Amino acid sequence: MRQTSRFLKRLTTTSFGFLAFTGIVVLVALIGQRHPLRLDLTENKRYTLTEQSKKVLSALNGDIQIKAFFQETAAERDRVRDLLKTYRYTSKKVHFQFIDPDRQPALARQYQIRDYGTLVLEGFGKSQTITSAEEEAITNAILKLSQDREKIVYFLTGHGERDIGEAGKDGYSLVKTAIEKQNFKVKTCNLLVAPEVPEDAAVLVIAGPQKPLLAKEVEALQHYLDRGGNLLLMLDPYNRSGLEEMLRSHGILLTDDIIVDTMSKVFGADYLMPVIAQYGHHKITDGFRIACFFPVARSVRVSSPAPANTKLLELALTSQYSWAESDFKTTDSEPPKFNDNRDIQGPVPVAVAAAITPSKKSDSTGKSTSPGRKKHRSSTAELVVYGDSDFASNRYLNLQGNSDLFLNTINFLAQQEDLITIERPRAKAAPLTLTRSQSLVLFWIGILLMPAVVLAAGVAVFNFRRKQR
Amino acid sequence: MKGFFPVYRKELYCFFSSPVLYVVAFIFTGLAGYFFYASVSYYSLASFQAARDPFVASQLNLSDMVLQPFFGSLGIVLLLMVPLITMRLFAEEKKTGTIELLFTYPISDSAAVLGKFFAAICVVLLLLVTTLPAMAVLAYVSSPPWGNVCSGYMGLFLMSCSFVSLGLFASSLTQNQIIAAALSFGPLLLLWIIGWAQSLTGPTLGSIIGYLSLVNHFDNFTKGIVDSRDALFYLLFTTLFIFTTLRILESRQWRG
């Protein structure tokens, strides 16, 4: 009896001791999880964020939730997980979770996920969707979320431009909603009333003016560009905008023509609705693979050589079956024919992006007119010219890639001044081609040496022990 | 800790005079050599094929294509071999009855347990050392990223510590060496693959399961990241099983 009670007593003490110790272990593990310390021993510090990203993260004063939409079995997933873990390690304010859009279609639908590998970042009551899970994209998205300064996209009025308030098929009300969804404010401005483009304009959009701008207004626009403004022009064919001269001085050529695309009839559209078949290598079109349609468009070409301080790039081109028709009569019921002498054979550029670095002179004038403005403006002015304004109208905005192309352009122009460029040092490539002798060394030392040594040691020990007996 | 060194020395002597160690080491070195040879040869082949494509060639690096798979395979081989090393630690002494002798000596329980633990660790370290010539060969044909090599070995060592501690615990439960080996091999394998269930469960349970997974913590080391959380996991795992072994030994006094 006494023995049994002693046994039970010892059993309980031991069990309690064990439980207490396990509790301590769990506690230490929990504390350890909360205060991690990492050492990145890889050669190019692959698992460490760049200084720029660290700076952005350390300035965060609210939580960021990242939802990564990846298939469970996707090969990319591991790399992205490592990257997001690195973000999480760098800042405790970053939380992430992986969602398989195939297994949770409701969530994928709620966030309007169209492609695998999409990241949705939420925080500060806003959200940002990115399709490239690279450090540059993620850090910039976090930066966008954390900025409280609201960016304003201005639309010029006064010349019969597209109306952001009009809900009809030619209006731009859908554009307005779409831009607002990107966390920008949309306003209009009239250069006939105000002498200058507003101070707080992140982008100025001139969408399809039907009457030419006055010389004073063009001057104001040039001024805006000189101080590093971002301008989006959407100019329809056979409408003189009054901007031709200014654009020519920046190396962008507008001629009176209209693009005829015999191929686009295949898609059930008119021959005046060219398909955008190619995109130039630009941040706006990075990874863009969807076709766009530009109903009734004109060509926008670049002059060569480009003027000094200007980088020009053809952003979107039509297919090789199209051309720019310079003698177009709308009364013709027959499709026009290609004319060797006058027309320009496709692919025809219909959009051009120009990055204009101000020369010393204009820079100094910019400073003199507006001291302090340079602080939050990058000095490079970005100018994008589209030879069409219909593609973003309510009727065509949701056609194929039109809205993506337009929003990419707005995003690019609006973010230009504070976008961070992150250039990660590339992993040092070390291809290895073995020579015959190296291959032999690899085989003999790599495979055979150590087993032979072990075998020899074993035999030696047993011989020695047998002799001892 | 009185008597730690005598136990440690005696255990090492037992290891080196028993054929088990040589057989285990022979198999381990053979497999390790094969994995190394295969991954380097494959890398060489991939480099040869990528020579025409500069983009693919820029993606090639030793840490991803040689070191990571090599350390990963070594981890699995160790998982198979460590139970064979640890199985006899207590089981044999129980079988032959020398365990009574061990307890009558003026040696504390913790000294006995730690002596055996560190002797087994030394043997595992020796196994790891046998793979160093492979690294020397790698340095001869190319320039390996030494940071990744260091973290890989650090991970292998820490993981081996947890393997040994579980093996030690299993050996203290029985006097049959095969049962001891099976008792350590089974749970180790389970903890190795438990991460697979992570994606099938909810977030809370999933994160606990993910934390318990031996291989999840090992992955970072093979990639070249030394994370305090991973190191702490292995250390806590080891401590917990050494502590449990001590309690098991202690219980013989009152279990009768």
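**Exercise 1. Strand pairing in chain A.** Identify the bridge partner of Ile259(A) in β16(A), then describe the pairing of the strands and the side-chain directions along β11(A).

*Solution.* Step 1. Ile259(A) has Ala324(A) as its bridge partner in β16(A). This is a predicted model.

Step 2. The pair belongs to a longer register: β11(A), residues 258-261, is joined to β16(A), residues 322-325, by four bridges. The two strands run antiparallel.

Step 3. From β11(A), Ile259(A) and Asp261(A) point one way, while Ile258(A) and Val260(A) point the other way. All of these residues are buried.

**Exercise 2. The overall make-up of chain B.** State the secondary structure of chain B and the order of its elements, and add its dimensions and burial.

*Solution.* Step 1. Chain B holds 13 helices and one strand.

Step 2. Read from the N terminus, the order is α-α-α-α-α-α-α-α-α-α-α-α-β-α. The strand is thus followed by a helix.

Step 3. The C-alpha trace spans about 75 × 45 × 30 Å along its principal axes. Of the 256 residues of chain B, 57% count as buried.

Step 4. For contacts in chain B between residues at least 6 apart in sequence, 77% join residues at least 24 apart.

**Exercise 3. The interface of chain B and chain A.** Characterise the contact by its residues, its area and its polar links, and then by the elements on the side of chain B.

*Solution.* Step 1. Chain B gives 57 residues to the contact and chain A gives 55 residues. The buried area is about 5100 Å², and carbon and sulfur atoms account for 68% of this area.

Step 2. Two salt bridges cross the interface. A salt bridge between the chains joins the side chains of Asp82(A) and Lys223(B), at 3.0 Å from N to O. Eight residue pairs are in polar contact between the chains, with both residues at pLDDT 80 or more.

Step 3. The elements of chain B that give two or more residues to the side touching chain A are α1, α2, α3, α4, α8, α9, β1 and α13. The largest share, 16 residues, comes from α2(B).

Step 4. By residue class, this side of chain B divides into 28 nonpolar, 23 polar and six charged residues.

Step 5. Strands also pair across the chains: β1 of chain A, residues 38-40, is joined to β1(B) by three bridges, and the two run antiparallel. Within this pairing, Arg38(A) stands opposite Asp227(B).

**Exercise 4. The surroundings of Asn148(B).** Is Asn148(B) buried or exposed, and which residues does Asn148(B) contact?

*Solution.* Step 1. Asn148(B) is located in helix α9 of chain B.

Step 2. The relative accessible area of Asn148(B) is 2%, under the 20% limit, so the residue is buried.

Step 3. Beyond the neighbours within four places in sequence, the contacts of Asn148(B) include Leu41(A), Thr42(A) and Glu43(A) from chain A. From chain B they include Ser63(B), Leu67(B), Phe71(B) and Phe221(B).

Step 4. Lys223(B) is also among these contacts. A polar atom of the Asn148(B) side chain lies 3.3 Å from the backbone oxygen of Lys223(B), and the side chain of Lys223(B) is in the salt bridge with Asp82(A).

**Exercise 5. Salt bridges and their settings.** How many salt bridges are there over all chains, and in what settings do the pairs of Arg103(A), Asp227(B) and Glu250(B) lie?

*Solution.* Step 1. The count over all chains comes to 26 salt bridges.

Step 2. Arg103(A) and Glu72(A) form a salt bridge with their closest N and O atoms 2.7 Å apart. The pair links distant parts of the chain, 31 residues apart: Arg103(A) is in the loop between β3 and α4, and Glu72(A) in the loop between β2 and α3. Arg103(A) is partly exposed at 47% relative accessibility, and Glu72(A) is partly exposed at 28%.

Step 3. Asp227(B) and Arg229(B) meet in a salt bridge at 2.8 Å. Here Asp227(B) is buried at 2%, and Arg229(B) is buried at 18%.

Step 4. Glu250(B) and Arg247(B) form a salt bridge at 3.0 Å. The two are three residues apart in helix α13 of chain B, so about one helical turn separates them. Glu250(B) is partly exposed at 25%.

Step 5. A network of salt bridges links Lys10(B), Glu11(B), Arg88(B), Glu92(B), Glu93(B) and Lys116(B).

Definitions and conventions: Residues numbered from 1 in each chain as written. Chains lettered and ligands numbered in written order. Predicted model: local features only at pLDDT ≥ 70, side-chain atom pairs only at ≥ 80, totals over all residues. Heavy atoms only, no water. Contact = heavy atoms within 4.5 Å. Buried area = accessible area lost by both parts, 1.4 Å probe. Salt bridge = Lys/Arg side-chain N within 4 Å of Asp/Glu carboxyl O. Polar contact = N/O pair within 3.5 Å; in protein donor to acceptor, adjacent residues only side chain to side chain. Nonpolar A, V, L, I, M, F, W, Y, C, P; charged D, E, K, R; others polar. Pairing = 2+ DSSP bridges. Buried < 20%, exposed > 50% of the residue type's maximum accessible area, 1.4 Å probe, protein only.
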